Amino acid sequence: MAKRMKEKSAKRLENKDTRPTATARYVRMGAPKAKRLLDLIRNKAAVEAVAILDITPSTASIAVKKVLCSAIANAENNQGLNKDDLFVAEAYANQAPSFKRVSFRGRGGVDTIIKRNCHITVVLDTVKK
């Protein structure tokens, strides 16, 4: 059952993705709302993506901008990269567990209210010269 543990962990470390990332988990919005903004900034320069999110009048732009700025800060502080050389390689939003609430109706009935959440992930990469 525990055969070749050191070899397996070495192989896993060898194949590990070292690109700077940032993830916001359990953000209180639906995933499709965040995906619309992530489609706007995907494959853009990081500085340009921040400017796009600044002028976008969506409530989701605040959360997406926080994740993007966090990924840029991770790239600068943890890996010593220049933010002018970064671009958004991957950006995606996955559905998170939803909150379920009830609204009481007439004659003893209830309506179920589903409050959706999402996980937002941004992966940056450097521009190949």
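A salt bridge is taken here as a side-chain nitrogen of Lys or Arg lying within 4 Å of a carboxyl oxygen of Asp or Glu. By that criterion Arg19 forms a salt bridge with Asp17, since the closest N and O atoms of the two residues are 3.1 Å apart,. The structure in which this contact is found is a predicted model, and what follows should be read as a description of that model.

The confidence of the prediction is a sensible place to begin the tour. The protein averages a pLDDT of 95, and 98% of the residues score at least 70. Among the elements of the protein, the lowest mean pLDDT, 90, belongs to helix α1, which spans residues 5-14, whereas the highest, 98, belongs to strand β1, which spans residues 21-27. As a general caution, predicted coordinates should not be read in detail where pLDDT is low.

The strands provide the framework for the rest of the account. Strand β2, covering residues 86-104, and strand β3, covering residues 110-126, run antiparallel and are joined by 16 bridges. Two of the residues paired with β3 can be named: Val88 has Leu124 as its bridge partner in that strand, and Phe104 has Val110. Five residues lie between the strands in the hairpin of β2 and β3, and within this hairpin Arg107 adopts a positive phi near 60 degrees. Strand β3 also pairs with β1, again in the antiparallel sense, and here the pairing extends over five bridges. In this second pairing, the residue of β3 that stands opposite Val27 is Cys118.

Phe104 and Val110, already met as bridge partners, reappear when one turns to the surface of the protein. Together with Val102 they make a nonpolar surface patch of about 320 Å². Val102 itself is found in strand β2, and its relative accessibility of 48% places it among the partly exposed residues. Its accessibility is over the 30% that a residue needs in order to be counted in a patch, so Val102 meets that part of the criterion.

The charged side chains can now be taken up again from the opening example. A search of the whole structure finds six salt bridges, among them the one between Arg19 and Asp17. Both partners are partly exposed, Arg19 with a relative accessible area of 23% and Asp17 with 44% relative accessibility. Arg19 has another acidic partner in Glu90, whose side chain meets that of Arg19 in a salt bridge with an N to O distance of 2.7 Å. Because Glu90 lies in strand β2 while Arg19 lies in the loop between α1 and β1, this pair ties together parts that are 71 residues apart in sequence. Glu90 also counts as partly exposed, at 30% relative accessibility. Asp17, Arg19 and Glu90 are thus linked in a network of salt bridges. Elsewhere, the side chains of Arg42 and Asp39 meet in a salt bridge of 2.7 Å from N to O, and Arg42 is partly exposed at 29% relative accessibility.

The cysteines raise a question of their own: why does the structure hold zero disulfides? A disulfide is in general a covalent bond between the sulfur atoms of two cysteines, and the cut-off applied here requires those atoms to be within 2.5 Å. The cysteine sulfur closest to that of Cys69 is in Cys118, but it is 17 Å away, which is too far for a bond. Seen from Cys118, the closest cysteine sulfur is that of Cys69, and the distance of 17 Å again rules out a bond. The surroundings of the two residues can be stated as well, for Cys69 is partly exposed, with a relative accessible area of 33%, whereas Cys118, the residue opposite Val27, is buried at 0%.

Backbone geometry completes the picture. Most residues other than glycine have a negative phi, and against that background two further residues deserve attention. Arg4, which is found in the segment before α1, has a positive phi of about 55 degrees although it is not a glycine, and its relative accessibility of 56% makes it exposed. Tyr26 likewise is not a glycine yet has a positive phi, of about 60 degrees. Tyr26 lies in strand β1, the element with the highest mean pLDDT, and it counts as partly exposed at 47% relative accessibility.

Methods. Residues numbered from 1 in each chain as written. Predicted model: local features only at pLDDT ≥ 70, side-chain atom pairs only at ≥ 80, totals over all residues. Heavy atoms only, no water. Buried < 20%, exposed > 50% of the residue type's maximum accessible area, 1.4 Å probe, protein only. pLDDT = per-residue confidence, 0-100. Helix = DSSP H or I, 4+ residues; strand = E, 2+ residues; numbered from the N terminus. Patch = residues over 30% accessible without salt bridge, like charges linked within 9 Å, V, L, I, M, F, W, Y side chains within 5 Å. Areas by Shrake-Rupley, 256 points an atom, 1.4 Å probe, with all protein chains shown as cover. Pairing = 2+ DSSP bridges.
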